[in-house]
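Please look over the structure shown below before reading on. The report that follows takes up its pockets, its aromatic rings and one proline in turn.

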Amino acid sequence: MRQVLFKFIKSLRDFLAQKFHQYNKSLPYLITMVIALIIVVGGINLFIELTETLKTEMLATYDTAITDYIISYRTPALTRYFKFVTNVGDSYGYLIVLAVFLLVSLLVFKRWKYVIQATLVLILATGSNMILKRFIDRARPGIEHLVSVETLSYPSGHAMSAMAFYGFLVYLFYTFNIHKVAKFFLILILVLLILSIGISRIYLGVHFPSDIAGGFIAGFIWVVFCILIFDLIDIFRRDPRT
């Protein structure tokens with residue numbers, strides 16, 4: 001991603017140099033940031049338009065079929081597992097994970113900025129989820145809930161935050177210079193955790209499958225946007241011309 005951004009900014013700088021004799025050296029970065037904002041706003045608008053399918057009978061049929069299939073596997077052991085996983089995707093779970101990640105960042109990588117970035121991604125995803133839920137106003141499933149819930153249903157806050165936060169950690173670990181085997185297993189664990197958190201919400205009866213899909217899509221939009229902005233800031237700071 002960083003290499004692509006670097007090439008794009010270089011091309012934009014060359015283009016501006018041909019058109020204008022003098023221009024602000026920060027202009028290519030500002031233009032790139034505006035483009036990134038347009039992309040994320042466009043993605044959110046598309047996401048909102050797609051929510052219109054929530055009212056269709058076809059989606060209701062799929063939601064019911066998938067939910068019935070998943071809850072048919074309910075057992076005491078699986079219930080304990082999915083309750084634990086759903087707690088990892090809750091506020092206290094994120095505080096614990098952030099504390100561990102802070103220690104790893106400071107002791108191993110000697111950088112605190114990764115924790116700040118991950119926290120910012122989580123805050124953006126959580127805040128926008130609350131807004132989307134109020135805008136869409138979808139009620140929870142009418143089946144038995146194995147955990148208590150107070151907010152609305154779509155999109156799933158657990159799925160959206162998990163995709164944004166743990167998805168961003170996947171990106172970070174992918175870029176870290178660590179042993180390939182360790183990197184593979186860390187990324188695999190995080191991916192399985194994201195999926196498990198999503199499935200747990202269906203299993204526990206508090207979300208429709210389409211809530212989870214919507215949460216994953218919205219969370220992924222934030223991951224892509226934040227990676228673009230963070231990489232852009234890093235390139236800007238390293239650029240001797242700015």
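## Pockets, rings and a proline

In this model, which is predicted, the largest pocket holds about 650 Å³ of space. Its lining is made up of 26 residues, and those closest to the centre of the pocket are Asp90, Lys133, Thr151, Gly157 and His158. Four elements each give two or more residues to this lining, namely helix H4 (76-88), helix H5 (91-109), helix H6 (113-136) and helix H7 (157-175). The largest share, 6 residues, comes from H6. When the lining of the largest pocket is sorted by class, it has 8 nonpolar, 12 polar and 6 charged residues.

The second largest pocket has a volume of about 420 Å³. It is lined by 18 residues, and Val97, Tyr166, Leu169, Leu190 and Leu193 are the ones that lie nearest its centre. The elements that give two or more residues to the lining of this second pocket are H4, H5, H7 and helix H8 (180-203), with the largest share, 7 residues, coming from H5. By class, the lining of the second largest pocket divides into 16 nonpolar and 2 polar residues, with no charged ones.

The aromatic rings come next. A search of the whole structure finds 13 aromatic pairs, and two of the pairs are set out in the table.

| Ring pair | Distance between centres | Angle between planes | Arrangement |
|---|---|---|---|
| Tyrosine 69 and tyrosine 73 | 5.3 Å | 70° | edge-to-face |
| Phenylalanine 165 and tyrosine 166 | 5.0 Å | 80° | edge-to-face |

Why is the pair of tyrosine 69 and tyrosine 73 counted as edge-to-face? Their planes stand at 70° to each other, and planes over 60 degrees apart count as edge-to-face, so the pair belongs to that class. The planes of phenylalanine 165 and tyrosine 166 are at 80°, so this pair is edge-to-face as well.

Are phenylalanine 165 and tyrosine 166 buried or exposed? Phenylalanine 165 has a relative accessible area of 0% and is therefore buried, and tyrosine 166, with a relative accessible area of 1%, is buried too. Tyrosine 69, by contrast, is exposed because its relative accessible area is 52%, while tyrosine 73 has a relative accessible area of 46% and so is partly exposed. Tyrosine 166 also appears in the account of the second largest pocket, where it is among the residues that lie nearest the centre.

Ring pairs also link Phe101, Tyr114, Phe173 and Phe176 into a cluster. Rings can take part in another kind of arrangement, in which a charged group is placed over them. The charged end of arginine 74 sits over the ring of tyrosine 203, at 5.8 Å from the centre of that ring, and the charged end of lysine 183 sits over the ring of tyrosine 174, with 5.8 Å to the ring centre.

The last residue to consider is proline 209, which lies in helix H9 (residues 209-238). With a relative accessible area of 11%, proline 209 is buried, because buried means under 20%. Which residues does proline 209 touch, not counting residues up to four places away in sequence? With those neighbours left out, proline 209 touches Asp63, Ile66, Thr67 and Ile202. Proline 209 and proline 155 are 54 residues apart in sequence, and their C-alpha atoms are 9.9 Å apart in space.

Terms used
Residues numbered from 1 in each chain as written. Predicted model: local features only at pLDDT ≥ 70, side-chain atom pairs only at ≥ 80, totals over all residues. Heavy atoms only, no water. Buried < 20%, exposed > 50% of the residue type's maximum accessible area, 1.4 Å probe, protein only. Contact = heavy atoms within 4.5 Å. 1 Å grid on protein atoms, 1.4 Å probe; cavity = no way out; pocket = protein on both sides within 12 Å on 5 of 7 lines; lining within 4 Å. Points joined across faces, edges and corners; volume = space filled by probe spheres on them. Nonpolar A, V, L, I, M, F, W, Y, C, P; charged D, E, K, R; others polar. Phe/Tyr/Trp six-rings, centres within 6.5 Å; stacked < 30°, edge-to-face > 60°. Lys NZ or Arg CZ within 6 Å of the ring centre and 35° of its normal.
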